[in-house]
Amino acid sequence: MTENSERLMLVRAGFERVHVEHDWYDGPRKGIADVQGTPHYFEAIHDHWHPDDPYDDEYLVWPIDEASLSLEREQSAIVADWYKRLAEGTATTGFPGDGGVDRRYDELQALLGPRREAPADARRLVAEWKTPAEDRYDVEAPAYMVRWRQER
């Protein structure tokens, strides 16, 4: 099965696009993904994933505006490019998220940081994640997808 046919099957099953990954700990913890076709920030309710915790798949979600999404994609592309260069052995500086490594990344971090805070009216949803491809750090977007349902 090709990646595109697998992705199409997931879309038909209700899985949606993940636009940006901010944090990963044994699975996506923070980022941006579609919720009913509209981009939203998502943030895991628990800081760390644990296989015995039945509530580890619960997330807060809230809408993101187009201008912020564009800036988020720009910052994500900086990280994806760094991972690509790291794999090729050509990365000559530290990870951009460490601060002081990439000026534009730092500018975007300052602009976007406050927007990434969950508002009081954030929705609580349960996520199911599927990965139809292996390259998590594609410049366009993470390869995995998500399907949301109402909290328990």
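In which sense do strands β2 and β3 pair, and over how many bridges? In this predicted model, β2 (residues 28-35) and β3 pair in the antiparallel sense, over 6 bridges.

**Figure 1. Strands β2 and β3 form a hairpin.** The view follows the pairing of the two strands. Look for Ile-32 and Tyr-41, which are bridge partners, with Tyr-41 in β3. Then move to the turn. The hairpin has 2 residues between its strands. Gln-36 is found in this loop.

**Figure 2. Gln-36 takes a positive phi in the loop between β2 and β3.** Its phi is near 55 degrees. Most residues other than glycine have a negative phi. Gln-36 is not a glycine, yet its phi is positive. Is Gln-36 buried or exposed? Gln-36 is exposed, with a relative accessible area of 69%.

**Figure 3. Strand β3 also pairs with strand β4.** Strand β4 covers residues 58-63. The two strands run antiparallel and are joined by 5 bridges. One pair to find is Ala-44 and Tyr-59, with Tyr-59 in β4. Strand β3 itself spans residues 38-44 and is mostly covered. Of its 7 residues, 5 are buried.

**Figure 4. Helices α2 and α3 pack against each other.** Two packed helices are described by the angle between their axes and the distance between the axes. Here α2 (residues 66-88) and α3 (residues 103-112) pack at an angle of about 145 degrees. Their axes are 10 Å apart. The crossing of the two helices is left-handed. On the α2 side, the contact residues include Leu-71, Ile-78 and Val-79. On the α3 side, they include Arg-104, Tyr-105 and Leu-108. Sorted by class, the contact has 7 nonpolar, 3 polar and 3 charged residues.

**Figure 5. Helix α3 has a buried side and a face turned away from it.** Which residues of α3 are buried? They are Tyr-105, Leu-108 and Leu-112. Seen down the axis of α3, the buried residues fall within an arc of 65 degrees, so they line one face of the helix. What do they pack against? The buried residues of α3 pack against β3 and α2. The face turned away from the buried side carries Arg-103 and Ala-110, which are exposed.

How values were computed:
Residues numbered from 1 in each chain as written. Predicted model: local features only at pLDDT ≥ 70, side-chain atom pairs only at ≥ 80, totals over all residues. Heavy atoms only, no water. Buried < 20%, exposed > 50% of the residue type's maximum accessible area, 1.4 Å probe, protein only. Helix = DSSP H or I, 4+ residues; strand = E, 2+ residues; numbered from the N terminus. Pairing = 2+ DSSP bridges. Axes fitted to C-alpha atoms, helices over the stretch in contact; angles between N-to-C directions. Left-handed = near helix turned anticlockwise from the far one by under 90°. Contact = heavy atoms within 4.5 Å. Nonpolar A, V, L, I, M, F, W, Y, C, P; charged D, E, K, R; others polar. Arc of directions from axis to C-beta.
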